[in-house]
Amino acid sequence: SFIVYEDSVPDNYIERLKSTGMQVALSPWHDKDSWNHDSPPMTNAETGELIPQGARYKTGDRKKCHRHGIIKTDRKCSWREMNRLLQDILHCPYIQKCRSLKGAYEYFLHLNNPEKYQGYFKDEIIKMNGFVIEPTKFEQGILYDEIITNIIEYQFTKWTEVCTYYHGQPEYMLLLSSRPAIITEVLKDNW
């Protein structure tokens, strides 16, 4: 996982990320996040001068506009190699190993952080090179329920109508192809 700042990321970073061939997801621009604490006291590395608590930012100050990102690779890659690659492409601070892919992805919208800004939207997330997160069994049930509800609501009677409706949404398309019998029965009932 990584973070990029709007004021330092190169103009062509999206194209360069795509060209890696690795699966990438980027959050919406987080331009409304605020600090929930004062900056800690620290020492200026060059001068040795003590910088007091709250001198850099205070509780409630707006954070720099940034994006969170996740990159997945199918090949073995060291942290150092990936860090160098992403710093070259994004001019970002160091990367972190992603401990929870799902948790990192949900943080794009602050889904499990109600104390943080809640106005970022799912359709603002950028996915590249087939990025997808496999849903849990429970989440699959929710997605199936949504698919069936939409089939009934929109009175779909053909596979092509369902596939057209969910085109470009791999989490749904994977489910549609894995259990077509359920969907076929609902389509038959509508027909």
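**Reading the pockets of a predicted model**

Author: In this predicted model, the largest pocket has a volume of about 490 Å³.

Reader: Which residues are the closest to the centre of the largest pocket?

Author: A pocket can be read from its centre outwards, by asking which residues line it. Here 19 residues line the largest pocket, and Tyr105, Glu106, Lys122, Glu139 and Glu171 are the ones closest to its centre.

Reader: Which elements give two or more residues to that lining?

Author: Those elements are α3, spanning 101-107, α4, spanning 137-153, and α6, spanning 170-178. The largest share comes from α4, which contributes 4 residues to the lining of the largest pocket.

Reader: How many residues of that lining are nonpolar, polar or charged?

Author: Sorting a lining by class gives a first idea of its chemical character. In the largest pocket the lining holds 11 nonpolar and 8 charged residues, while no polar residue is found there.

Reader: What space lies in the second largest pocket, and which residues lie nearest its centre?

Author: The second largest pocket contains about 370 Å³ of space, and among the 18 residues that line it, Ser1, Phe2, Ile3, His68 and Gln96 lie nearest the centre. At least two lining residues come from each of β1 (2-5), β5 (66-72) and α3. By class, this lining divides into 10 nonpolar, 6 polar and 2 charged residues.

Reader: β5 supplies residues to that lining, but is the strand as a whole mostly covered or mostly exposed?

Author: Burial is counted residue by residue, with under 20% relative accessible area taken as buried. For β5 the count is 6 buried residues out of 7, and the strand is therefore described as mostly covered.

Reader: Which strands are joined to β5 by bridges, and how do they run?

Author: To read a pairing, one looks for the bridges between two strands and then for their relative direction. β1 is joined to β5 by 4 bridges, and these two strands run antiparallel; within this pairing, Tyr5 has His66 of β5 as its bridge partner. Strand β2, residues 23-26, is also joined to β5 by 4 bridges and runs antiparallel to it, with Ala25 standing opposite Ile70 in β5.

Reader: What is the mean pLDDT of the chain, and which element has the lowest?

Author: Where pLDDT is low, the predicted coordinates should not be read in detail. For this chain the mean pLDDT is 89, and 100% of the residues reach 70 or more. Among the elements, α6 has the lowest mean, 83, whereas helix α1, residues 13-19, has the highest, 95. α6 is also one of the elements that give two or more residues to the lining of the largest pocket.

Conventions
Residues are numbered from 1 along each chain as its sequence is written. This is a predicted model: local features need pLDDT of at least 70, side-chain atom pairs count only at pLDDT 80 or more; totals for chains, interfaces and linings use all residues. Side-chain values use heavy atoms; hydrogens and water are left out. On a 1 Å grid over the protein atoms alone, a cavity is a set of points where a 1.4 Å probe fits but cannot get out, and a pocket is an open set with protein on both sides within 12 Å along at least five of seven lines; lining residues have an atom within 4 Å of a point. Grid points are joined across faces, edges and corners, and a volume is the space filled by probe spheres set on the points. Ala, Val, Leu, Ile, Met, Phe, Trp, Tyr, Cys and Pro count as nonpolar, Asp, Glu, Lys and Arg as charged, and the others, Gly among them, as polar. Buried means under 20% relative accessible area, exposed over 50%, partly exposed in between (1.4 Å probe, protein chains only). Two strands pair if DSSP finds at least two bridges between them. pLDDT is the predictor's confidence in each residue, from 0 to 100.
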